[in-house]
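Visitor: I should like to examine one part of this model closely, with some account of the whole around it. Please begin with the general picture and then turn to the detail.

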Amino acid sequence: MSKVEQESTVEAAARKQSHLDLAFNSQNSRIDDRFYYEPMLAGHPNETDSMPVKFGSKNLRFPIWISSMTGGTSKAGPINKMLAQTASKFGFGMGLGSCRIILEDRTWFDDFNLRPILGDELPLFANIGIAQVEKLLARSEAHRLGQLVSDLDADGLIIHVNPIQEWLQPEGDHIAQPPVTTIEQCLNEIDIPIIVKEVGQGFGPESMHQLLSMPLLAIEFASGGGTNFAKLELKRNFTEQKTFENLTQLGHCAEEMIGFLNGAVDDPSLSLRCHHVIVSGGVRNFLDGYYFISKSKLNAVYGQAAAFLKAASESQETLDSYAASQVRGLLLAKQFLKVKP
């Protein structure tokens, strides 16, 4: 036996011994019953494979969205740029954090100016709150939203709807009219693609039905299970914590919202005008993401915020490694998993 063969035999024996040692600690106590596992029907994916999906006028290489992050602080700028680099490298879409701060003051504009990093091929969306949109419309200043999108070379605008968060925020803005009214006015006054999202509670079935009937580019769930901004604000509002703590438990999980979505799409009375969704909020990993986008009856991608932010807070290398793990997991799921009806 040659020296190479001897080394190979030793390595194989060590590997087998490792398998034996690990087997005693690798008993599977739970089966993920959302999927049929079909190992006979495909080979392994190639590392260079993609899962392209069209989103508005742009194309993503994978159905993954980096959901809206923050901006306007000394730490947020570098993190946002890291996120944009990762989105560009892997072909993800990206939503900016609230751009309210740069409507009035361009001091922090560079924190949001991510198009030069992201490139022209991938979707980038500005972001503003419903209360600010309502005020701009009341002052006949809707054009400033269009200008914001133009200045950032963004593909459109995310409007986040957050009545519970605003109510619990000590310095929060109150909303004077139903958000559907404000969004309809905005759609009539500015000709840009608009996404509507919540901030941690999601949307109920009637809200989902209303949104799907509007000419929006997409709805982002921002459902329960992810970052809960109402809870975040209550932690800042010490005088109201005991009174309103139960409000932070309201909302809908992503799976329930998929049910609302599909039920509305199947409703013959609905005049469907919105054709994309971003499933976010409580999407823990690529299996959750693959499950939700497979269940959706509309063109879907899945979004994460906290997971990307946590990785970015460590390093660009950690962030890219996390993104690569999502991509590899999605490719494997596509080959071997079928979502149960």
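Visitor: How many disulfides does a search of the whole structure find? After that, please look closely at Ser68, in the loop between β4 and α2.

Guide: The model is a predicted one, and a search of the whole structure finds 0 disulfides. Two cysteines may be mentioned in this connection. Cys186 counts as buried because its relative accessible area is 0%, under the 20% limit. Cys274 is likewise assigned to the buried class, its relative accessibility being 0%.

The setting of the serine is as follows. The protein comprises 341 residues, and 46% of them are buried. Its secondary structure consists of 16 helices and 12 strands. Of the contacts between residues at least 6 apart in sequence, 77% connect residues at least 24 apart.

Ser68 itself belongs to the loop that runs between β4 (64-66) and α2 (76-90). Is this loop residue buried or exposed? Ser68 has a relative accessibility of 14%, and because this is under 20%, Ser68 counts as buried.

The side chain of Ser68 has two polar partners to consider. One is a backbone atom: the oxygen of Leu96 is 2.9 Å from a polar atom of the Ser68 side chain. The other is a side chain, that of Asn127, with which the side chain of Ser68 makes a polar contact of 3.3 Å. Both Leu96 and Asn127 also appear among the contacts of Ser68 beyond its neighbours within four places in sequence. The remaining members of that set are Gly95, Gly97, Ile158, Lys197 and Ala305.

For a view of another part of the model, one may turn to the second largest pocket. Its space amounts to about 240 Å³, and 17 residues form its lining. Nearest its centre are Val161, Glu198, Gly202, Phe203 and Ser207. Three helices, α8 (163-168), α9 (179-189) and α10 (205-212), each contribute at least two lining residues. Which of the helices gives the most to this lining? That helix is α9, with 3 residues. As to chemical class, the lining holds 10 nonpolar, 6 polar and 1 charged residues.

To return to the residue of interest, Ser68 is a buried loop residue, and its side chain has polar partners in the backbone oxygen of Leu96 and the side chain of Asn127.

Key
Residues are numbered from 1 along each chain as its sequence is written. This is a predicted model: local features need pLDDT of at least 70, side-chain atom pairs count only at pLDDT 80 or more; totals for chains, interfaces and linings use all residues. Side-chain values use heavy atoms; hydrogens and water are left out. On a 1 Å grid over the protein atoms alone, a cavity is a set of points where a 1.4 Å probe fits but cannot get out, and a pocket is an open set with protein on both sides within 12 Å along at least five of seven lines; lining residues have an atom within 4 Å of a point. Grid points are joined across faces, edges and corners, and a volume is the space filled by probe spheres set on the points. Helices (H or I, at least four residues) and strands (E, at least two) are DSSP runs, numbered from the N terminus. Ala, Val, Leu, Ile, Met, Phe, Trp, Tyr, Cys and Pro count as nonpolar, Asp, Glu, Lys and Arg as charged, and the others, Gly among them, as polar. A disulfide is a pair of cysteine sulfur atoms within 2.5 Å. Buried means under 20% relative accessible area, exposed over 50%, partly exposed in between (1.4 Å probe, protein chains only). A polar contact is a pair of N or O atoms within 3.5 Å; within protein, one must be able to donate a hydrogen and the other to accept it, and residues adjacent in sequence count only if both atoms are side-chain atoms. Contact means heavy atoms within 4.5 Å.
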